[in-house]
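Hi,

Here is the structure I promised to pass on. Have a look at it first, and then read my notes below.

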Amino acid sequence: AFFGILDRKQWYQRRVRGLTNMSSIKVTVFGGGSFGVAMSCVLARNGHSVCILTRRKELVDSINNNHVHPTHFQSYDLPENIRASTSPSEALSGALFVIHAVPVQESFEYLSNIKEYIPESLIFISTSKGLHIGSLSYMNELVPAALGRKQPIAFLSGPSFAKELMDNMPTAVTVASADVEIADSVKNIFSSATFRVYTTQDVIGVEVGGALKNIFAIAAGVLQGLGFGTNTMAALVTRGCHEMNRLAVAMGANVHTLNGLSGIGDLMLTCFGSLSRNRTVGIRLGKGETLEEIQATMTEVAEGVATAPAALELCQKYQLDLPIIKAVAWILAGKLKPADAVQELMSLPSGEEINF
């Protein structure tokens, strides 16, 4: 009856605009890993009530009783307005936003299993960065496919290591949404003296940058593992940004988006930052370890491992020759040794630097 008087679009737009005046709301976080916890802390410091949805009862007990995460950042006391639950209905009850911090490869199944608990009006904020192997989908395609409907959605990306968020270090990110009012409402709940949010409508550009930067982070680690220096690393980062831009533009992104925080900003963070899981994978590959040996000792997902072969397929779909992406995919597949990959890249014909 309510929607008979006021159509859904008008009601929704008024609801989103109203969020700009809310000082404290409830936010649900999907995923109890390092980034999900860090996002929870950013929001809790802003006075919002946060509930982390997890399958792990020991995590729930530890957070609710001791305000400590049992496996990530154990030395940090979590704000008391962060709670955890194993119940989707309890975690989502009364929430106006949900932060999705589940790895891309697991997201379709995760969301499909709990979609009945997710209200159609809930604003969905994806922080997952990657490209789904089977479908070659980014999160803007995967989320509605998993839920079986369109959902109000935004995508948060940019240079933001979880540990530095926990330490409350100044950070700047980009939020992308086709709906300007959704982007603004996300900016409003996150913004603080130490967390700066910019907005854009270029969802494709932000998603491509967030996914592909992990591939180049692996490449950066390989170079470090092989013992190369700053000249080599700077060349990689620059050409990596060029490859990201070419694929993003081919897919319909704005040519300037990858020059921002979600592109070159995140690329620099993951290629030069010691906290990058993808860069760590690359270092170990460069030093001679196999991918199987590396993955057997990792406690969290390095998204670039799955994204590289999927991105290579996407390059073929758009008829693009992006040699760094190809080299990383082949190293991960065991088809090319790291040192040989560098030699092959340096042996390619060179021409005009900027060529779209």
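**Helix packing around H12**

Let me start with where H10 and H12 touch: on the H10 side the contact is made by Val206, Gly209, Gly210, Lys213, Asn214, Phe216, Ala217 and Ala220, and on the H12 side by Ser262, Asp266, Leu267, Thr270 and Cys271. By class, these residues divide into 6 nonpolar, 5 polar and 2 charged. Before I go on, please keep in mind that this is a predicted model.

How do H10 and H12 lie relative to each other? Their axes are 8 Å apart and pack at an angle of about 25°. Angles under 35 degrees count as roughly parallel, so that is what H10 and H12 are to each other. Their crossing is right-handed.

H12 itself covers residues 261-272, and its buried residues are Ser262, Gly263, Gly265, Asp266, Leu267, Leu269, Thr270 and Cys271. What do the buried residues of H12 pack against? There are two strands, S6 (153-157) and S7 (171-176), and three helices, H10 (203-226), H11 (230-250) and H13 (277-286).

**H11 against H12**

H11 also passes H12 in a right-handed crossing. Here the axes come within 10 Å and cross at roughly 145°. The residues that meet are Met233, Val237, Gly240, Cys241 and Met244 from H11, with Gly263, Ile264, Leu267, Met268, Cys271 and Phe272 from H12. This contact has 9 nonpolar residues, 2 polar ones and no charged ones.

If you look at the H11 residues in that list, you may notice the spacing. An α-helix has 3.6 residues a turn, so residues three or four places apart point the same way.

Two residues of H11 deserve a look of their own. Methionine 233 sits in this helix, and its relative accessibility is 7%, so it counts as buried. Leaving aside residues up to four places away in sequence, methionine 233 touches Ala220, Leu223, Gln224, Cys271 and Phe272. For a sense of scale, its C-alpha atom is separated by 38 Å from that of isoleucine 52, which is 181 residues away along the chain.

Is asparagine 231, also worth a click, buried or exposed? Asparagine 231 is in H11 too, but at 71% relative accessibility it counts as exposed. Between the C-alpha atoms of asparagine 231 and valine 175 there are 32 Å, and the two are 56 residues apart along the chain.

**H10 against H15**

H10 has another partner in H15 (residues 304-317), and here the angle is about 105°, with the axes 8 Å apart. H10 and H15 are therefore roughly perpendicular to each other. From H10 the contact uses Ala211, Leu212, Asn214, Ile215 and Ile218, and from H15 it uses Gly304, Val305, Thr307, Ala308 and Ala311. The contact of H10 with H15 counts 7 nonpolar and 3 polar residues, with no charged ones. Asn214 is worth finding on screen, as it is listed in the contact with H15 and also in the contact with H12.

**Aromatic pairs**

How many aromatic pairs are there? The count comes to 3. In one of them, the ring centres of phenylalanine 73 and tyrosine 76 are 5.7 Å apart and the planes are at 80°, so this pair is edge-to-face. Phenylalanine 73 and tyrosine 76 are both buried.

Another pair is phenylalanine 190 with phenylalanine 195: the centres are 5.6 Å apart and the planes are at 35°, so the pair is tilted. Phenylalanine 190 is buried, with a relative accessible area of 0%, and phenylalanine 195 is buried as well, at 3%.

**The loop between H4 and S3**

Finally, some backbone angles to check. Histidine 67 is not a glycine, yet it has a positive phi of about 60°. It lies in the loop that runs between helix H4 (57-66) and strand S3 (82-85). With a relative accessible area of 19%, histidine 67 is buried, because the cut-off is under 20%.

Phenylalanine 73, from the edge-to-face pair, is found in the loop between H4 and S3 as well. Its phi is near 55°, again a positive value in a residue other than glycine. Phenylalanine 73 has a relative accessible area of 15% and is buried.

Cheers

Terms used
Residues are numbered from 1 along each chain as its sequence is written. This is a predicted model: local features need pLDDT of at least 70, side-chain atom pairs count only at pLDDT 80 or more; totals for chains, interfaces and linings use all residues. Side-chain values use heavy atoms; hydrogens and water are left out. Buried means under 20% relative accessible area, exposed over 50%, partly exposed in between (1.4 Å probe, protein chains only). Helices (H or I, at least four residues) and strands (E, at least two) are DSSP runs, numbered from the N terminus. Contact means heavy atoms within 4.5 Å. Axes are lines fitted to C-alpha atoms, for helices over the stretch in contact, and angles run from 0 to 180 degrees between N-to-C directions. Angles under 35 degrees count as roughly parallel, over 145 as roughly antiparallel, 65 to 115 as roughly perpendicular and the rest as oblique. Ala, Val, Leu, Ile, Met, Phe, Trp, Tyr, Cys and Pro count as nonpolar, Asp, Glu, Lys and Arg as charged, and the others, Gly among them, as polar. A crossing is left-handed if the near helix is turned anticlockwise from the far one by less than a right angle, and right-handed if clockwise. Rings of Phe, Tyr and Trp (its six-membered ring) pair if their centres lie within 6.5 Å; planes under 30 degrees apart count as stacked, over 60 as edge-to-face and the rest as tilted.
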